[in-house]
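Reader: Before we talk through the assignments, could you show me the model, so that I can ask how each label was reached?

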Amino acid sequence: MLKDSQIDLCGQVDFTRTQPLLARDEAFSFACNGCGNCCRGREDIVLSGFDLWRIAARLRLPPRIVAHGYCRESIGQVSRLPVLRLAPLKAQHNNCPFLTENHCAIHDAEPLVCALYPLAQEISRAGEVSYFLQPTSCGGPMFSAKVEDYLARYDVPAREAVDVCWAQTCMTLEDTVEELNTILSPVLARRLEAKLWQALYYDYEFAQPFLPQLERNLRWLEGECAKLRGYQEQLNTKCIEKNDR
């Protein structure tokens, strides 16, 4: 069982890419016997806010309810940001909670990690998107495809701009949260975590487009961070005044 400390926004903390990056017009091959084992025993399926919003829309449930019902929540040891990952069902041999008879019950809203497999994605701070092939060991018939064709098959290009926005948002917030955690008291730091969950994952209507809601939430979060900073400054001033008496 993977501990929370082993998982962050990009999956397993100790993951090291061993395969080269692939050009979009480059071909790749992989073996697949259709067993569905890529949906079993996986504890590293990390969801973005967009992933959660898509699943919530598919189930027609509030994102918070979906997160509490199907996911595991933690704070990344490296990023210090909220980390949401699908929680395998122990009673069903650690299968994905959405796996039904070797088929995905939310296939039209599956997380990016699942849509890409066996490819994986890297996004730079500049917003450059790259892909690489993950090692597989299932065996079975060999399949070959160009990267661009494989991505198109699962509508990945249609969501790429949102995924880039999410990645860049998280990279920027990492810097902000790192700085705030050096000055906030433990109580205020916990308040910050709650506000991060609200802005990145929970405060969304599944019937409304995701990006405008994310932009709204980030504006709200910026104000809340300023308030927390102000509260801490007030506490520091009171502490100094008390010590000077």
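Author: A search of the whole structure, which is a predicted model, finds zero disulfides, a disulfide being a pair of cysteine sulfur atoms within 2.5 Å.

Reader: How do you know that C114 is in no disulfide?

Author: The nearest cysteine sulfur, that of C39, is 6.2 Å away, and the cut-off is 2.5 Å, so C114 is in no disulfide.

Reader: What residues and treatment stand behind such values?

Author: In this predicted model, local features need pLDDT of at least 70 and side-chain atom pairs count only at pLDDT 80 or more, whereas totals for chains, interfaces and linings use all residues. Side-chain values use heavy atoms, with hydrogens and water left out, and residues are numbered from 1 along each chain as its sequence is written.

Reader: Why is the pair of D4 and R85 called a salt bridge?

Author: The closest N and O atoms are 2.8 Å apart, and because the definition asks for a side-chain nitrogen of Lys or Arg within 4 Å of a carboxyl oxygen of Asp or Glu, the pair qualifies. D4 lies in the segment before β1 (7-8) and R85 in strand β7 (residues 82-86), so the pair ties together parts that are 81 residues apart in sequence.

Reader: What makes R85 buried and D4 partly exposed?

Author: R85 has a relative accessible area of 2% and D4 has 24%; buried means under 20%, exposed over 50% and partly exposed in between (1.4 Å probe, protein chains only), so R85 is buried and D4 partly exposed.

Key:
Helix = DSSP H or I, 4+ residues; strand = E, 2+ residues; numbered from the N terminus.
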